[in-house]
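Work through the exercises below with the sequence and coordinates open. Each task is followed by a solution in steps.

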Amino acid sequence: RGLNGYLGHLKRGFITILYNGQVEGMGVHVFMTGNGCREYENKHGNRWKELFSDVFSLGVHFTRLDSALDDFKGYFKIEEVAEKVKRREVTSLFKKADVRVSYGLSELEGNNGMTVYFGSNSSMIKVRLYEKNKQMKVDNFWNRVEVETRDERANLLAQEITKSDDLGRLTAGVLKRYLNFVEPSNDSNKSRWDISEWWDNFLGDV
C-alpha cells in the first residue's frame, strides 16, 4: 500500500523503503528510526561509515540525519541547563531556546520530563537536551543530547561520518561548534567566558 506520496513501500521492523512515487523525480526514500538503526546494527554491526559511503556512491542525498549522545553518569541535569538558558549563560550560533515540560494526563503517569530546544523549526540544524529516563519510564539516570540536521547540513554531517571512525566524537565536535554553556565573569565579552566544567567534561569524555 501507499505511504507519504509513494504508491508502495517495504517495511521490516523500523526500517521502511518507499518507492513508486506519484510525482516524477521522487525516487526511493529510505527511512530508519532510532530503533531501526539498532536493528541495522544488530544485523550488520556498527558500519555507518561504510553504509554512508555506499549510499553516496549511488548519488543519494540525505533529507534528515540525527545523531545523539547519552549521559548515564550525571554530568548535568536538564533543570541546570534550563537555568543556564534563563540566565543567558550560553554562547551559541542559535538565536533562541525553548524549555518545555511534558505531563501525561493520566493520574498515574505524572511528569514525562523536561526538554530544552535550541534552533527554530526552519533551522537546518537543531539541538535538544532531554530526560530520556522519564520518556522511557526507567529508573536509571539517562539524559540525551540530540543533534537534528536537515538537507545541506544533513549531507555535510553524513559526509563527515564517511571520514570518521568515532561518531560520538564527531557529534561532540558539532555540539561544541554550535552550543556551549559558560560561567559568567567580569569580562563584557561573553565569548571569552570559560566553558562550564560539566559541559566540557561531558563532551571531552565522549
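The exercises start with the whole chain and then turn to sheets, helices, cores and single residues. The model is a predicted one.

**Exercise 1. Overall description**

Task: State how many helices and strands the protein has, what its C-alpha trace spans along the principal axes, and what share of its residues is buried.

Solution.
1. The secondary structure consists of seven helices and 11 strands.
2. Along the principal axes, the C-alpha trace spans about 60 × 45 × 35 Å.
3. Of the 206 residues, 35% are buried.
4. Taking contacts between residues at least 6 apart in sequence, 50% join residues at least 24 apart.

**Exercise 2. The sheet of strands 1, 2 and 3**

Task: Give the strand order and the sense of pairing in this open sheet, and identify which strands stand at the edges.

Solution.
1. The three strands follow the order 1-2-3, and the pairing is antiparallel.
2. Strand 1 (6-12) and strand 3 (29-32) each have a single partner strand, so one side of each is left without a neighbour in the sheet.
3. On average, neighbouring strands here are turned by 20° against each other, direction ignored.
4. Strand 1 and strand 2 pair over six bridges, with Leu 10 opposite Ile 17 in strand 2.
5. A hairpin joins strand 1 and strand 2, with two residues between them, and Gly 13 in the turn has a positive phi of about 60°.
6. Strand 2 (residues 15-21) pairs with strand 3 over four bridges; Thr 16 stands opposite Phe 31 in strand 3.
7. Helix 1 (residues 34-44) packs on the sheet and touches strand 1, strand 2 and strand 3, its direction making about 90° with that of strand 3.

**Exercise 3. The sheet of strands 5, 10 and 11**

Task: Work out the order of this sheet and find which helix packs on strand 5 and strand 10.

Solution.
1. This open sheet of three strands has the order 5-10-11, with antiparallel pairing.
2. Strand 5 (90-92) and strand 11 (194-195) are the edge strands; each has a single partner strand, so one side of each is left without a neighbour in the sheet.
3. Three bridges link strand 5 to strand 10, and Ser 92 has Leu 179 in strand 10 as its bridge partner.
4. Helix 3 packs on the sheet by touching strand 5 and strand 10, at about 80° to the direction of strand 10.
5. Helix 7 lies across strand 10 and strand 11 and runs at about 145° to strand 10.

**Exercise 4. Geometry of helix 6**

Task: Compare the expected span of helix 6 with the distance between its end C-alpha atoms, and list which of its residues are buried.

Solution.
1. Helix 6 (residues 167-178) has 12 residues, so at 1.5 Å a residue it should span 16 Å.
2. Its end C-alpha atoms are 17 Å apart, which agrees with that value.
3. The buried residues in helix 6 are Gly 168, Leu 170, Thr 171, Ala 172, Leu 175 and Tyr 178.
4. At the start of helix 6, a side-chain oxygen of Asp 166 comes to within 3.3 Å of the backbone nitrogen of Gly 168.

**Exercise 5. Nonpolar cores**

Task: Name the residues with the most contacts inside the largest nonpolar core and the elements that each supply at least two residues of this core.

Solution.
1. The largest nonpolar core has 25 residues, and those with the most contacts inside it are Phe 76, Phe 118, Val 127, Leu 129, Leu 175, Phe 181 and Trp 199.
2. At least two residues of this core come from each of helix 3 (78-86), strand 7 (111-118), strand 8 (125-131), strand 9 (143-150), helix 6, strand 10 (179-183) and helix 7 (197-204).
3. A second, separate core of 12 residues includes Phe 62, Leu 65, Leu 157 and Leu 170.
4. Not counting residues up to four places away in sequence, Phe 181 touches several residues, among them Val 81, Phe 118, Leu 129, Ile 195 and Trp 199.

**Exercise 6. Two residues compared**

Task: Is Asn 155 buried or exposed, and what does the side chain of Lys 49 make a polar contact with?

Solution.
1. Asn 155 is in helix 5 (residues 151-161).
2. Its relative accessible area is 15%, so Asn 155 is buried, the limit being under 20%.
3. Leaving aside neighbours within four places in sequence, Asn 155 is in contact with Phe 56, His 61 and Phe 62.
4. Lys 49 lies in helix 2 (residues 48-57) and, at 26% relative accessibility, counts as partly exposed.
5. The side chain of Lys 49 makes a polar contact of 2.9 Å with the side chain of Asp 165.
6. Beyond four places in sequence, Lys 49 touches Ile 161, Thr 162, Lys 163, Ser 164 and Asp 165.

Methods:
Residues numbered from 1 in each chain as written. Predicted model: local features only at pLDDT ≥ 70, side-chain atom pairs only at ≥ 80, totals over all residues. Heavy atoms only, no water. Expected span 1.5 Å × (residues − 1). Buried < 20%, exposed > 50% of the residue type's maximum accessible area, 1.4 Å probe, protein only. Polar contact = N/O pair within 3.5 Å; in protein donor to acceptor, adjacent residues only side chain to side chain. Core = buried A, V, L, I, M, F, W, Y, C linked by side-chain atoms within 4.5 Å. Contact = heavy atoms within 4.5 Å. Pairing = 2+ DSSP bridges. Axes fitted to C-alpha atoms, helices over the stretch in contact; angles between N-to-C directions.
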